[in-house]
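Good morning, colleagues. Please look at the sequence and the structure on the screen, and I shall then take you through several of its features in turn.

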Amino acid sequence: MRILSISAQKPNSTGSGVYLTELVKAYDEDGHTQAVIAGVTVDEGVDLPEGVSFYPVEFETEKLPFSVVGMSDVMPYANTRYCDLTVDMTTRFCEAFLTQIAKAFREFQPDLVICHHLYLVTALATELRELLPEKARMVAICHSTCLRQYGKNKLEKERIYRGIRNLDRIYALHQGQREEISRVFDVPETEIEIVGAGFNEKIFYPRHHSDSLTYEVCFAGKVSQAKGVKSLLKTLERIQPKRPVVMHLAGGNGDDMEMEEIRAYAEELSQKGRIRVVLEGKLPQEELAKLYQKCDLFVLPSFYEGLPLVLLEAMACGCLAVAADWPGVRDWIMEKVPEASLLSISLPNMKMPGVPEEGELSAYEERLKQAIEQQLGQIEKGAKQADVSALTWRNVAGGIIVKEYEV
């Protein structure tokens with residue numbers, strides 16, 4: 001099968017970029033012929049399997065004199081926000097992607113087009129369907145951030161709405177997301193398939209580590225309060241563990257001022273001696289796996305997520321887990337792995353998606369504290385994470401192929 005993957009963003013950064021790249025790697029192992037369209041900074045390399053054709057849309061050029069446009073307002077690289085696109089910038093953006101999509105459709109002639117995000121570039125792809133082979137299928141995977149952008153921005157809303165409804169199929173990460181997609185785009189839930197997410201079992205796997213005199217705890221993601229990091233540090237200051245805690249924060253940052261606040265607070269906690277906070281920075285996948293493998297507990301208190309890959313990856317490495325109760329995520333994981341050690345804490349009320357009411361944070365942090373202490377108690381008793389091998393990328397990739405071959 002000839003498979004074309006499309007994203008407006010860099011294919012090797014952020015959760016959706018990793019999702020695209022891992023699907024491409026899985027399909028490569030299964031012998032499919034592939035091509036990728038993605039937004040990148042001019043002259044930037046991409047990590048794709050040998051033989052995969054790449055159609056870049058290059059930013060910071062004369063035609064696109066601005067940074068890659070990010071689906072999140074805070075990205076781990078220089079980016080332009082969709083809400084800041086002017087009419088001229090939007091026109092240039094659309095023209096650049098339409099040009100590369102048309103070129104790929106004509107030259108590559110895909111049997112299956114997999115778009116990432118239910119947003120503008122996916123809508124543009126649907127406008128060029130006449131260039132595809134007659135029996136070609138066009139589908140899209142939702143990553144949640146696209147729903148946030150669609151809800152908060154007026155950018156090309158009618159065009160996006162029309163394009164998403166013209167897809168052959170939409171894939172949601174879990175049931176909660178399927179319900180939201182159905183409501184936003186007036187698509188029956190029966191036309192939305194749940195696909196989930198995965199991890200790379202060649203990188204993320206358990207490794208026995210000797211008993212430590214400390215609890216090793218980790219977080220991975222953008223080091224920001226949108227990911228709940230300030231609340232996490234406040235919580236750690238209040239817990240009463242039987243052993244000292246080392247808290248590893250892995251990830252880049254968005255806002256420099258906020259990062260400095262977090263850094264100062266982390267240093268303050270570390271100086272008190274009982275909680276040591278280590279800022280690991282942004283780690284490549286292999287180094288992130290090594291961090292997970294030496295840790296006992298993974299904590300992800302983000303205020304908004306689709307289906308976070310870091311959670312699956314940490315659990316695959318043997319970490320017990322604590323996470324916010326994002327709609328549908330726990331249900332999907334527990335359906336696949338009923339014995340998984342994952343404690344979910346209810347989210348605070350939100351002013352808008354991902355932005356909690358300030359007055360709700362104290363109660364949220366108390367719930368987080370109780371969950372962390374409960375999992376540390378389980379670790380003290382020798383509890384181990386369940387086998388989560390049912391959640392690999394090859395299962396995800398194969399599920400899409402099976403579904404589209406049914407047509």
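Ring pairs join F59, F66, Y82, F93, F97 and Y119 into a cluster. Please bear in mind throughout that this is a predicted model. The structure holds 12 aromatic pairs. One of them is formed by Y82 and Y119, whose rings meet edge-to-face, 4.9 Å centre to centre and with 80° between the planes. Y82 lies in the loop between strand 5 (80-81) and helix 2 (87-108), and Y119 in the loop between strand 6 (112-116) and helix 3 (120-126), so this pair ties together parts that are 37 residues apart in sequence. Both Y82 and Y119 are buried.

Rings also take part in contacts with charges. The charged end of R243 sits over the ring of Y215, 4.2 Å from the centre of that ring. In addition, R148 lies over the face of Y304, at 4.6 Å from the ring centre.

I turn now to the sheet. In which order do the strands of the open sheet of 6 strands run? The order is 12-11-10-13-14-15, and the pairing is parallel. At the edges are strand 12 (275-281) and strand 15 (342-345), each of which pairs on one side only. From one strand to the next, the twist averages 20°. Helix 12 (residues 361-380) packs on this sheet, where it touches strand 10, strand 13 (297-300), strand 14 (320-324) and strand 15. The direction of helix 12 makes about 170° with that of strand 14.

Within the sheet, let us consider one pairing in detail. Strand 10 (residues 215-220) and strand 11 (residues 245-250) pair in the parallel sense over 6 bridges. There, V217 stands opposite M247 in strand 11. As general background, strands of a sheet pair through backbone hydrogen bonds, either parallel or antiparallel.

Finally, the cysteines. How many disulfides does the structure hold? The number is 0. C83 is in no disulfide, and the nearest cysteine sulfur, that of C94, is 16 Å away. With a relative accessibility of 37%, C83 counts as partly exposed.

Why does C317 not form a bond with C319? The sulfur of C319 is the closest cysteine sulfur to that of C317, but the two are 6.6 Å apart, which is too far for a bond, because a disulfide requires sulfur atoms within 2.5 Å. C317 is buried, with a relative accessible area of 3%.

Thank you for your attention.

Methods:
Residues numbered from 1 in each chain as written. Predicted model: local features only at pLDDT ≥ 70, side-chain atom pairs only at ≥ 80, totals over all residues. Heavy atoms only, no water. Pairing = 2+ DSSP bridges. Helix = DSSP H or I, 4+ residues; strand = E, 2+ residues; numbered from the N terminus. Axes fitted to C-alpha atoms, helices over the stretch in contact; angles between N-to-C directions. Contact = heavy atoms within 4.5 Å. Buried < 20%, exposed > 50% of the residue type's maximum accessible area, 1.4 Å probe, protein only. Phe/Tyr/Trp six-rings, centres within 6.5 Å; stacked < 30°, edge-to-face > 60°. Lys NZ or Arg CZ within 6 Å of the ring centre and 35° of its normal.
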